[in-house]
Amino acid sequence: MKNLLLAALLLLLFTNMQCKLTGPNEIDCNNNSIHLSGNAKSYFFYKDNSYWVYYNEATNEYDSFFVSKAELNIRQPIKDMGDDVNKCYECARISICNTSKKEVFYLTIDNTSENRNSFQEFQKSVGFESDFGLFYTKDSLETINGVRPYEITIIDSLEIQSKWYKNLIEVKSDKVGFDNFNYRLYAKNIGLIKYIDKQANKWELVKHQVNQ
């Protein structure tokens with residue numbers, strides 16, 4: 001119950017956080033902005049019209065996701081988040097839907113400090129929200145997650161559905177109860193190329209179009 005309330009609060013915080021320039025008397029963001037990690041954006045930021053098609057060999061089924069809305073903007077500092085009040089912050093918000101046009105993921109990338117970025121994935125599920133996150137320090141992925149027991153590994157290359165992918169991030173989350181997935185595999189400039197859900201269904205990428 002405690003984890004459920006925490007995730008709900010996090011979702012409320014991120015969905016209500018401004019991610020744009022506002023107000024005439026605020027900081028000049030053109031000259032005082034801290035930008036997101038280019039490395040984080042290469043894995044997790046996707047523009048409109050991006051899509052991914054996955055195949056489950058065990059059941060001979062296909063599933064697909066597409067970006068329904070993507071924003072990459074500059075926000076004003078938020079004191080309660082510990083921001084430098086003299087800086088503006090680049091941030092990203094992405095909504096991903098399935099073929100029935102129902103939102104299944106809500107992604108955010110934001111600065112937690114001048115040298116640290118957070119990537120958060122909120123998964124829409126029946127009755128609750130589950131969440132997952134990674135952190136970057138000075139453009140480098142943190143492979144030790146201090147919040148939950150994720151096993152994060154950098155992989156040079158791997159073959160998925162007869163196609164080789166490079167520069168991979170593997171995340172094993174089978175020991176994390178408050179997560180809809182047991183496994184994720186991300187490729188640079190592509191995104192999620194493989195995932196295993198809590199029902200042990202294995203989905204692998206067979207087709208995609210990614211706009212960054």
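These legends go with a set of close-up views of a predicted model.

**Figure 1. A disulfide joins C29 to C88.** Here's the one disulfide that the structure holds. The S to S distance comes out at 2.0 Å, and the angle about the S-S bond is -65°, giving a left-handed link. The two cysteines come from distant parts of the chain, 59 residues apart. C29 sits in the loop between α1 (2–16) and β1 (33–34), while C88 belongs to strand β4 (residues 88–98). Buried or exposed? Both C29 and C88 are buried. As for another cysteine, C97 has a relative accessibility of 7%, so C97 counts as buried too.

**Figure 2. Y54 and Y195 meet edge-to-face.** The ring centres of Y54 and Y195 are 5.2 Å apart, with 80° between the planes. What does this pair tie together? Y54 is part of strand β2 (residues 51–56) and Y195 is part of strand β12 (residues 191–197), so the contact ties together parts that lie 141 residues apart in sequence. Y54 and Y195 are both buried.

**Figure 3. Six rings make up a cluster.** How many aromatic pairs does the structure hold? The count is 14. Ring pairs link Y43, F44, F119, F132, Y150 and Y186 into the cluster in this view. Take Y43 and F44: their pair is tilted, at 6.0 Å centre to centre and 40° between the planes. Y43 and F44 are both buried as well.

**Figure 4. Two arginines sit over phenylalanine rings.** R184 lies over the face of F132, 3.8 Å from the ring centre. F132 is also one of the rings in the cluster with Y43 and F44. In the other case, the charged end of R116 is placed over the ring of F135, and the distance to the ring centre is 4.3 Å.

**Figure 5. I169 is a well-connected member of the largest nonpolar core.** This core has 43 residues, and those touching the most other members are F44, W52, I96, L134, I169 and I193. Which strand gives the core its largest share? Strand β11 (residues 181–187) does, with five residues. What does I169 touch, leaving aside neighbours within four places in sequence? Its contacts there are Y43, F44, L134, Y136, L141, I152, T153, I154, R184, L185 and Y186. Among them are Y43, F44 and Y186, which also appear in the ring cluster. R184 is on the contact list too, and R184 is the arginine over F132. As general background, nonpolar side chains in soluble globular proteins tend to be buried together.

**Figure 6. S42 is a buried serine in helix α2.** The helix spans residues 38–44. With a relative accessible area of 9%, S42 falls under the 20% cut-off and therefore counts as buried. Which residues does S42 touch, not counting those up to four places away in sequence? The answer is K188, N189, I190 and Q212.

**Figure 7. I74 and H35 are 39 residues apart in sequence.** Their C-alpha to C-alpha distance in space is 8.4 Å. I74 lies in strand β3 (residues 61–75). Why does I74 count as buried? Its relative accessibility is 17%, and buried means under 20%, so I74 makes the cut.

How values were computed: Residues are numbered from 1 along each chain as its sequence is written. This is a predicted model: local features need pLDDT of at least 70, side-chain atom pairs count only at pLDDT 80 or more; totals for chains, interfaces and linings use all residues. Side-chain values use heavy atoms; hydrogens and water are left out. A disulfide is a pair of cysteine sulfur atoms within 2.5 Å. Helices (H or I, at least four residues) and strands (E, at least two) are DSSP runs, numbered from the N terminus. Buried means under 20% relative accessible area, exposed over 50%, partly exposed in between (1.4 Å probe, protein chains only). Rings of Phe, Tyr and Trp (its six-membered ring) pair if their centres lie within 6.5 Å; planes under 30 degrees apart count as stacked, over 60 as edge-to-face and the rest as tilted. A charge sits over a ring if NZ of Lys or CZ of Arg is within 6 Å of the ring centre and within 35 degrees of the ring normal. Contact means heavy atoms within 4.5 Å. A nonpolar core is a set of buried Ala, Val, Leu, Ile, Met, Phe, Trp, Tyr and Cys residues joined through side-chain atoms within 4.5 Å.
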